[in-house]
Amino acid sequence: IGFIVVYVSAQNWALFSLSPNFGDVMIDIKDISGYTLLSVLPNEECECVEDLMKSDHVQLSWNSNRRDVLPAGSYIEYNGEKYSLLEPYSPTQKDEAEFTYQPKFQSKIMIWGKTPFFMYTYADNTITNREPDWSLTDNPASFMSVVVDAIKNETGDIWTYSVGGSLPASASLSFQSTDIFSALNQIANAFETEWWVDKVNK
C-alpha cells in the first residue's frame, strides 16, 4: 500500500550522485521478465533525482562499443525501489567506436504520467463506464479519493492519502483526457498546495 500526502509544505528534494551509495557494486538492468540484459558500474555522472511534483528517476551513465536498444519496461532496483524505462532507449554515438548511454529509469509514480485519469461509474462493484472528460466541485479529500481509485483501477496498486486540514474547503476542476500525474498537479495547484509520495511510511 502506498501513501500520497497533500499538504501545504516546503519539501527539500535533493539531487545527488549514485556512485557513493553503490560503491563498486554493479547495477543489473533487467527486461520486463526479470532477465538481466546487462550490468553497469555506476560512475560520477549517475544521479538520482527527486523533484517535487515534477520528476523521480535514476539516471545511469556509461560508454560501450556496442549499440544496444533497451526496451520499454526494462528496470533497475535502487534503495529497495523499482525504476523502469517508460519508452525504449537508444544510445548516442560518441565517435566511430563508442556509444554513450544515459537512460533515465523512472519510479513507479512517474508511470502515472502515462496512465489515464478517469471518473468511474459502477454497477454492483463493476466498472460500467470510464469518463475521460468530467468536472467536479468538492473538497480535496474527494478529489484524492478519485485519484486513488484511478490508480487502483488502472494499475492494480493500492494507495491511501492524507490531506492537510488548512487547505481551502473546495475547488472546481475540469479534467479533459489527462493522466493521473498531471491531474494530481492540477488538484494541488487548485488548492494552492503540493503533493508528494511518502516513501518512508509507504
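**His-57.** I began with His-57 in this predicted model and found the residue in strand β6, which runs over residues 55–59. I noted its relative accessibility as 7%, and because buried means under 20%, I entered His-57 as buried. Leaving aside neighbours within four places in sequence, I listed its contacts as Glu-47, Cys-48, Val-49, Tyr-83, Lys-104, Phe-105 and Gln-106.

**Cysteines.** Cys-48, one of the contacts of His-57, I looked up next, and I recorded it as buried at 1% relative accessibility. Cys-46 is likewise buried, with a relative accessible area of 1%. I then asked how many disulfides the structure has; the count comes to 0.

**Leu-136.** I located Leu-136 in strand β15, residues 133–138, and put it down as partly exposed at 22% relative accessibility. Beyond neighbours within four places in sequence, I found Leu-136 in contact with Phe-143, Ala-171, Ser-172 and Leu-173. I also noted that Leu-136 and Ser-174, although 38 residues apart in sequence, have their C-alpha atoms 6.6 Å apart in space.

**Nonpolar cores.** I turned to the largest nonpolar core, which has 30 residues, and wrote down Trp-112, Phe-117, Val-147, Phe-175, Ile-180 and Trp-195 as those with the most contacts inside it. Helix α2 (140–155), β17 (171–176), α3 (180–190) and β18 (194–197) each supply at least two residues of this core, and the largest share, 7 residues, comes from α2. For Phe-117 I checked the contacts outside its four-place sequence neighbourhood, and among them I found Pro-132, Trp-134, Val-146, Val-147, Ala-150, Phe-175, Ile-180 and Ala-183. There is also a second, separate core of 17 residues, which includes Val-40, Cys-48, Tyr-78 and Phe-99.

**Salt bridges.** I found that the structure holds 5 salt bridges, and I followed up some of these pairs.

- Lys-114 and Glu-87 meet through their side chains in a salt bridge at 3.0 Å, N to O. The pair links distant parts of the chain, 27 residues apart, with Lys-114 in the loop between β12 (104–106) and β13 (119–123) and Glu-87 in the loop between β9 (81–84) and β10 (92–95). I noted Lys-114 as exposed, with a relative accessible area of 51%, and Glu-87 as partly exposed at 49%.
- Asp-68 forms a salt bridge with Arg-66, the closest N and O atoms lying 3.2 Å apart. I entered Asp-68 as partly exposed at 27% relative accessibility, whereas Arg-66 is exposed at 52%.
- Lys-94 pairs with Glu-98 in a salt bridge whose closest N and O atoms are 3.7 Å apart, and I recorded Glu-98 as partly exposed, with a relative accessible area of 25%.

Note on methods
Residues are numbered from 1 along each chain as its sequence is written. This is a predicted model: local features need pLDDT of at least 70, side-chain atom pairs count only at pLDDT 80 or more; totals for chains, interfaces and linings use all residues. Side-chain values use heavy atoms; hydrogens and water are left out. Helices (H or I, at least four residues) and strands (E, at least two) are DSSP runs, numbered from the N terminus. Buried means under 20% relative accessible area, exposed over 50%, partly exposed in between (1.4 Å probe, protein chains only). Contact means heavy atoms within 4.5 Å. A nonpolar core is a set of buried Ala, Val, Leu, Ile, Met, Phe, Trp, Tyr and Cys residues joined through side-chain atoms within 4.5 Å. A disulfide is a pair of cysteine sulfur atoms within 2.5 Å. A salt bridge is a side-chain nitrogen of Lys or Arg within 4 Å of a carboxyl oxygen of Asp or Glu.
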